[in-house]
Amino acid sequence: MNSARTRGVSTLAFMAGLAVLLVAAFAWGGYQKAQRKAEAAHAIVVANERLDKAHKQWMDAMQVVRSTPRVGLSTPVLTMQALRQEVHGLALPRCLEKSREYFVAGMDAQLEGIVAFIRADMDKEALRAYTTAKTRLMNENFVEFGNKASACPANS
C-alpha cells in the first residue's frame, strides 16, 4: 500500500512538473513574440527617422540649388544624386518600401528638371513648362511619401 501511495505521489509530482514546464514554454513563446514585435516596431521607428533625415537633406539641397547660378549646379546635383543613391539603398522594413519608391521617384523627377535646366537645350517656355512639370511630379510623390506614417500597421 505504501508503494501505491508513493507511485501516486510520484505521478502527481510528475504531472505538476509537466504542467509547470508547459506554462513556462507558453510564457517563453509569448515573451519571444513580444520581443520580435518590439524589434519590428523599433526597426520601423529607426527607418522612419532615416527617411525623415534624408528628406530634410533633400529639401536643404533644393534650397542650395535655388540659390546657385546655373554654371555652379554640378556640385549640388552630385550631392543630390548621392543622397538619392543612399535612400535607394536603405534597408527598410517591407511596409516602408512603397514610401521609399515615392521618395525616389520624386527625387528623380526633380533631378531630371534640374539637369534639363543645366543643359538649357530647350527654349525658355518649353524649359519652364518641363521644369514646372518635374517639380509638380516631385511634390506629388513627396505627398505620397509623407503618408509613410500610415504605411506600417501599429501592430506589425
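Are Phe103 and Phe142 buried or exposed? Phe103 is buried, and Phe142 is buried too. The close-ups below come from a predicted model.

**View 1. Two aromatic pairs are counted here.** Let's start with Phe103 and Phe142, whose rings meet edge-to-face. Their centres are 5.3 Å apart, with 65 degrees between the planes; an angle over 60 degrees counts as edge-to-face. Phe103 belongs to helix H3 (residues 97-119) and Phe142 to helix H4 (residues 124-145), so this pair ties together parts that lie 39 residues apart in sequence.

**View 2. Phe103 and Phe145 form a stacked pair.** Here the ring centres are 4.5 Å apart and the planes stand at 25 degrees, so the rings count as stacked. Phe103 sits in helix H3 and Phe145 in helix H4, so the pair ties together parts that are 42 residues apart in sequence. Phe103 and Phe145 are both buried.

**View 3. Phe103, Phe142 and Phe145 make up a cluster.** Ring pairs provide the links between these residues. Phe103 pairs edge-to-face with Phe142, while the pair of Phe103 and Phe145 is stacked.

**View 4. The charged end of Arg70 sits over the ring of Phe117.** Look here for a charge placed over an aromatic ring: the charged end of Arg70 is 3.9 Å from the ring centre of Phe117.

**View 5. Lys98 lies over the face of Tyr102.** In this last close-up, the distance from Lys98 to the ring centre of Tyr102 is 5.4 Å.

Methods
Residues numbered from 1 in each chain as written. Predicted model: local features only at pLDDT ≥ 70, side-chain atom pairs only at ≥ 80, totals over all residues. Heavy atoms only, no water. Phe/Tyr/Trp six-rings, centres within 6.5 Å; stacked < 30°, edge-to-face > 60°. Helix = DSSP H or I, 4+ residues; strand = E, 2+ residues; numbered from the N terminus. Buried < 20%, exposed > 50% of the residue type's maximum accessible area, 1.4 Å probe, protein only. Lys NZ or Arg CZ within 6 Å of the ring centre and 35° of its normal.
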